[in-house]
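Please look over the structure shown here, and then follow a short exchange about why certain labels apply to parts of it.

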Amino acid sequence: MIDKIYSYIKDKRHTNIFFTVLGALIFAIIPLFTDVEASYLIYFLFLTFIHIVIAQGWNLIAGYAGQISLGQNAFFGLGAYTTALIWLHDITKTGYYFDPVVMILSGLAPVVLAIIIGIPLLSRLRGDYFAFGTLGIGQIIIVVFLKARAITGGADGLHIPSTVYESMMPYYYTGLLLALFAIAVVYFITRSRIGFALRAIREDEMSAASHGVFILKYKVLAFAVGAFLAGIAGSLYAYYLFHINPDSVLNMNWLFYPILMCVLGGTGTIMGPVIGAFFMTAIFSFGDVYFAQTHPIVSGVLIILVMKFMPTGIIGLKDRILSRGK
Amino acid sequence: MANQLLEVKSVDVFYGDVQALWEVSIQVEEGTIVALVGANGAGKTTLLKTISGINSAARGEILFSGEHLENLKPQNVVDRGIMHVPEGRRLFANLTVLENLRLGAYVPRARPFFAESLERSFTLFPVLQTRKNQKAGSLSGGEQQMLAIARALMGRPKLLMLDEPSLGLSPIFVKTIFELISTLNEQKATILLVEQNINQALKIAHQAYVLKTGKIVMSGAGNELLADEEIRKAYIGERVGRRQR
Amino acid sequence: MNLILTLRVLVNGVLFGTTYGIAAVGLSLIFGTMRIIFFAQGTFIIFFAYISYWLLTLLGIDPYLSLIIVIPASMLLGSALYYGIFKEAAANEDKNISLLLAIGLMYLMENFMLVVWTPDPRSVVTSYTTLVFRPFGIVIPFTRLTTLFIAVLTAAGVFIFLKKTLIGTAVRAASEDVVSTTLMGINPNWVNAVAFAIGIGLAGVAGVALATIYPFDPSYGFIFAIKALIALALGGIGNVYGALLGGILLGLIESLGSFYVGGGWADAISYGVFLLVLIFRPQGLFGGSIKKA
């Protein structure tokens with residue numbers, strides 16, 4: 001029996017599933033053994049989950065479809081603002097607090113944006129040019145949010161009544177669920193026909209097109225799913241923050257964090273962004289506690305070191321060590 | 001044994017997991033024209049790229065005047081005296097004819113002789129002199145090929161490697177190019193020539209190698225191979241017959 | 001009165017746009033040989049603005065005089081950056097690695113500056129900061145005029161270098177076809193290092209020029225990088241001469257935009273123009289270069 005389980009796990013196709021399920025179980029029971037309201041660990045894991053969600057979104061676009069998006073902060077921010085606005089104006093007439101409908105809507109708003117901008121950008125721009133295009137879009141979104149004061153509150157932003165806050169519990173479990181959801185979405189997309197098409201596009205767009213792959217459809221799809229994940233991450237973060245403004249949800253960190261995490265863990269792999277999210281969040285948290293101001297410097301140095309010495313990330317490093325051993 | 005300028009010994013080359021060359025060995029004697037012939041994808045261009053350091057050999061040796069080239073970067077191979085005119089010419093289209101020629105004489109070995117080399121190029125190709133301030137991209141196909149060869153000659157090569165110099169040219173220019181190669185050879189140039197225009201190439205080559213799917217399948221004097229009907233049919237294929245018309 | 005006001009807006013646009021222009025020329029050179037947009041360019045501009053600030057406040061060296069130190073130092077830094085960080089990535093086919101290295105460097109530099117110089121805006125104040133000329137009622141600050149002068153001089157210097165020297169010609173050739181330059185015996189590292197040296201050197205010039213005109217803080221670097229990128233796109237990515245014109249054009253757009261529709265929206269307008277150019281005229285507005293396959 002144990003032999004059977006062992007060989008099942010050793011099969012490469014099952015390793016990821018096994019570790020994800022195992023990880024999920026462990027993380028699901030952690031709150032039973034900790035003081036959820038006071039524990040830094042819970043806060044740390046909550047942040048990590050959010051990072052996993054947004055990082056997987058970028059991973060799908062950049063790692064699998066090969067399109068570097070520099071506009072994830074716009075999708076994240078849009079998700080956060082959508083949640084805040086629905087809440088403040090009581091649009092859905094539901095319970096507002098951790099309302100799945102609100103969260104899904106907060107994911108869909110960026111999807112709409114992603115489709116509207118994705119079709120012209122992805123059909124006309126390749127490589128760097130696409131990256132610049134998304135960067136431009138992200139900047140325009142920031143200006144719009146700053147200027148549409150009547151709706152967004154401008155630079156000050158929106159204040160959500162924080163009196164509803166009761167416990168860290170729902171945040172933790174929602175985060176965990178969303179992280180699992182994001183991993184599963186990317187996992188199943190990349191193992192489907194869509195994933196095959198995306199990889200074909202990444203490797204050689206011309207030849208993919210000549211083999212009848214409708215490139216634009218798949219690229220927009222990846223872009224939209226990435227936007228959805230960024231949006232729901234933003235939504236959850238908005239629930240936690242209670243004060244939504246451009247500085248907190250549209251800032252450059254939300255552009256760089258997912259990139260950083262994917263790159264560090266290994267872009268274009270399922271587990272890479274997860275490993276990267278844990279690692280980077282740990283470094284940020286450690287830095288926040290011990291070197292309040294200097295830790296972003298460390299992050300910068302890390303990106304450079306990683307890209308210079310192990311450009312395929314931690315996952316790639318593992319493969320390299322394994323193949324060296326052969 | 002005559003003086004071998006270039007010796008390629010049992011070279012294997014891979015593109016990723018795909019093996020492109022299998023134990024390829026050739027020799028180029030000083031002062032001769034050596035032709036590499038074979039069908040598309042036989043590995044001729046790969047061999048040239050391996051000699052000039054763009055591709056690296058997984059196994060085998062490449063000796064140039066007795067010196068190992070296997071681990072040298074392209075720029076260092078040029079420094080040793082090998083100029084490679086790549087397929088498709090790869091001129092700098094936005095640079096003028098003169099600027100292209102100037103870069104041909106970039107290596108320290110050739111730079112002091114720039115004026116001398118330039119004069120020689122203009123004697124060989126008078127048309128380049130009249131167009132020296134035009135952008136290379138504005139030249140006709142034949143003129144571009146001349147410029148590509150002239151640019152390589154500016155580097156004062158001990159070995160000149162030409163990859164498909166007649167490709168895409170009108171029949172008149174094809175004739176001119178082959179005459180030019182013979183002329184250069186009479187002026188003591190050593191030339192390694194890759195051609196799909198097999199008849200013409202074998203006519204002027206002292207020695208020739210036939211490549212098929214990454215392997216040398218036969219070699220011999222150019223006119224011998226040309227005369228051997230059987231061998232031509234077997235290895236070079238019908239292309240020869242078609243071109244003969 | 002209205003004419004003079006419009007003229008003033010236009011002149012200011014040109015004067016400020018030249019700073020974008022020299023930054024964009026640097027981006028263009030690095031893009032030409034390395035095929036990456038050097039995102040950290042803007043951050044280095046701010047870095048050199050701080051250096052010029054320090055040279056003034058700590059050593060009392062005039063900002064314009066400091067160029068004598070800043071230019072060689074920045075060029076040295078540029079080539080050191082190439083050999084220290086980008087060399088391996090440049091040889092790699094995957095350009096995303098170089099792009100991410102540049103992003104990492106930007107992140108590092110910005111936060112480094114936040115620690116050393118704090119987020120509070122600084123400005124370089126000299127005896128001539130408030131000096132103003134008023135030809136025909138158009139207000140032209142001395143520092144902006146000097147900036148224009150320096151920018152034109154620098155750009156001319158770079159263009160002459162590219163046109164007249166052998167290594168300059170090699171840099172232009174490499175931006176067309178790197179493999180072909182190695183077949184001429186040109187070391188690609190050397191060419192890349194030269195492009196980096198000039199690129200960061202131009203960041204040095206732009207930084208000093210900027211410091212004399214505007215207050216600056218570390219976060220301004222990213223914005224400046226985007227502005228330089230817009231200037232580059234307007235001029236045609238890879239077109240060194242177009243980059244300078246693109247910068248001036250962007251200066252005009254911003255100046256007119258903020259005059260007629262107000263500060264924040266002016267940015268949105270320049271981003272909008274950027275997107276339109278990227279989508280509909282990726283070769284830039286002044287493109288006349290021969291297309292490559």
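**Reasons behind the labels**

The domain assignment of chain A gives domain 1, residues 1-33, and domain 2, residues 47-252. This is a predicted model.

Q: How far apart are the C-alpha centres of domain 1 of chain A and domain 2 of chain A, and how many residues does each give to the contact?
A: The C-alpha centres of domain 1 of chain A and domain 2 of chain A lie 29 Å apart, while the contact takes five residues from domain 1 of chain A and five residues from domain 2 of chain A. On the side of domain 1 of chain A that touches domain 2 of chain A, four residues are nonpolar, one is polar and none is charged.

Q: Why is C:Gly236 called buried or exposed?
A: C:Gly236 has 24 C-beta neighbours inside 10 Å, and a residue is buried if 20 or more other C-beta atoms lie within that distance, so C:Gly236 counts as buried. In chain C it lies in the loop between helix H9 (220-235) and helix H10 (240-260).

Q: Why does C:Arg281 count as buried, exposed or partly exposed?
A: C:Arg281 has 14 C-beta neighbours inside 10 Å; since 20 or more would make a residue buried and 12 or fewer would make it exposed, C:Arg281 counts as partly exposed. C:Arg281 is found in the segment after helix H11 (263-280) of chain C, and its C-alpha atom is separated by 32 Å from that of C:Pro218, 63 residues apart along the chain.

Q: What makes H6(A) enclosed or open with respect to the rest of the structure?
A: Of the 21 residues of H6(A), 15 are buried, so this helix is largely enclosed by the rest of the structure. Helix H6 of chain A covers residues 127-147 and reaches 31 Å from its first C-alpha to its last, which is close to the 30 Å expected at 1.5 Å a residue.

Q: What is known of the contact between chain A and chain B?
A: No contact joins chain A and chain B, whose closest C-alpha atoms lie 14 Å apart; two residues are in contact if their C-beta atoms lie within 7 Å. Of the two pairs of chains in contact, chains A and C share the most contacts.

Q: Which residues make up the contact between chain C and chain A, by number, helix and class?
A: The contact takes 32 residues from chain C and 32 residues from chain A. On the side of chain C that touches chain A, H4(C) gives the largest share, 13 residues, and by class this side has 25 nonpolar, five polar and two charged residues.

Q: How many residues of chain C are in contact with chain B, and which helix supplies the largest share?
A: In this contact 18 residues of chain C meet 21 residues of chain B, and the largest share of the side of chain C, six residues, comes from H6(C). The residues of that side divide into eight nonpolar, six polar and four charged.

Q: How do you know where in chain C the confidence is below 50?
A: Chain C averages a pLDDT of 86, and 96% of the residues score at least 70, but over residues 289-293 of chain C the pLDDT is below 50. Where pLDDT is low, the predicted coordinates should not be read in detail.

Note on methods. Residues are numbered from 1 along each chain as its sequence is written. Chains are lettered from A and ligands numbered from 1 in the order in which they are written. This is a predicted model: local features need pLDDT of at least 70, side-chain atom pairs count only at pLDDT 80 or more; totals for chains, interfaces and linings use all residues. pLDDT is the predictor's confidence in each residue, from 0 to 100. Helices (H or I, at least four residues) and strands (E, at least two) are DSSP runs, numbered from the N terminus. Ala, Val, Leu, Ile, Met, Phe, Trp, Tyr, Cys and Pro count as nonpolar, Asp, Glu, Lys and Arg as charged, and the others, Gly among them, as polar. Domain bounds come from an automatic or database domain assignment. The expected span of a helix is 1.5 Å times one less than its number of residues.
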